[in-house]
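Student: I'd like a close look at one part of this model, the nonpolar core and whatever sits around it. Could you walk me through that?

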Amino acid sequence: MVKSNQIRLMIGISLIGFSILVVFAFNQGISPYLTVSEVVSRGTAENVQVNGTVVQYSLVEYENGTKTFRLTDGKNEILVVYNGSLQYFPGEDVIQAVVKGDYRNGVFYAEDVLMKCPSKYEVDDSKLKR
């Protein structure tokens, strides 16, 4: 009887511990979407996704692979610092981007950058049936 209660206690403690780990992991994976103005008004933000437009000709690439560019929502701008590779980056194009990371001291330190390529969404007129 005592051994049965110990087993139940161990199972209960294990379930509670597992539940705490699941909740913790779930919270770490959530990163809310904010606008550039919302991030600027907060002053500091961790693990957020910011949607905005890349300021034309703002990309600067450094020898160590670091890239910086400016992101705007039309009201405010933030400087984004990113150390990864960018598959596409606009020159003359106006392009939307989502950056994920932390904002502190007026700089957004991006872990991921998602560029929305406008050419992927253009319709080929020759393939349209008239």
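Tutor: Here's a walk through the core, then its surroundings, then the helix at the start of the chain. Keep in mind that this is a predicted model.

The largest nonpolar core has 21 residues, and the ones touching the most other members are Val50, Leu71, Val99 and Phe108. Who else chips in? At least two residues of this core come from each of α2 (36-42), β2 (45-54), β4 (67-72), β5 (77-82), β6 (95-104) and β7 (107-116). In soluble globular proteins, nonpolar side chains tend to be buried together.

Let's zoom in on Leu71. Setting aside residues up to four places away in sequence, Leu71 touches Val36, Val50, Gly52, Thr53, Val54 and Val55, and also Asn76, Glu77, Ile78, Val80, Ala97 and Val99. Two of the names in that list, Val50 and Val99, are also among the residues that touch the most other core members.

Glu77, another of the residues Leu71 touches, has a charged partner too. Glu77 pairs with Arg70 in a salt bridge, where the closest N and O atoms are 2.8 Å apart. Side chains of opposite charge can pair when their charged atoms come close. How open to the outside are these two? Arg70 counts as partly exposed because its relative accessibility is 30%, and Glu77 falls in that class because its own value is 40%.

The structure has two salt bridges. Besides Arg70 with Glu77, there's Asp102 with Arg104, whose closest N and O atoms lie 3.9 Å apart. Arg104 has a relative accessible area of 39%, so this residue is partly exposed.

Now slide to Thr66, in the loop between β3 (60-61) and β4. Is Thr66 buried or exposed? Thr66 counts as buried, because its relative accessibility is just 13% and the cut-off is under 20%. Leaving out neighbours within four places in sequence, Thr66 contacts Val60 and Glu61, plus Val81, Tyr82 and Asn83.

For a contrast with the core, look at the surface of the chain's early part. Ile7, Ile11 and Leu15 make up a nonpolar patch there, with about 300 Å² of accessible area together. Leu15 belongs to helix α1 (residues 2-29), and Leu15 counts as exposed because its relative accessibility is 53%. What does the record say about this stretch? An unreviewed UniProt entry lists residues 7-26 as "transmembrane region". In the model, that span is 100% helix and 0% strand, and its end C-alpha atoms are 28 Å apart.

How values were computed
Residues numbered from 1 in each chain as written. Predicted model: local features only at pLDDT ≥ 70, side-chain atom pairs only at ≥ 80, totals over all residues. Heavy atoms only, no water. Patch = residues over 30% accessible without salt bridge, like charges linked within 9 Å, V, L, I, M, F, W, Y side chains within 5 Å. Areas by Shrake-Rupley, 256 points an atom, 1.4 Å probe, with all protein chains shown as cover. Salt bridge = Lys/Arg side-chain N within 4 Å of Asp/Glu carboxyl O. Helix = DSSP H or I, 4+ residues; strand = E, 2+ residues; numbered from the N terminus. Buried < 20%, exposed > 50% of the residue type's maximum accessible area, 1.4 Å probe, protein only. UniProt positions renumbered as here; feature names shortened; annotations may be inferred. Core = buried A, V, L, I, M, F, W, Y, C linked by side-chain atoms within 4.5 Å. Contact = heavy atoms within 4.5 Å.
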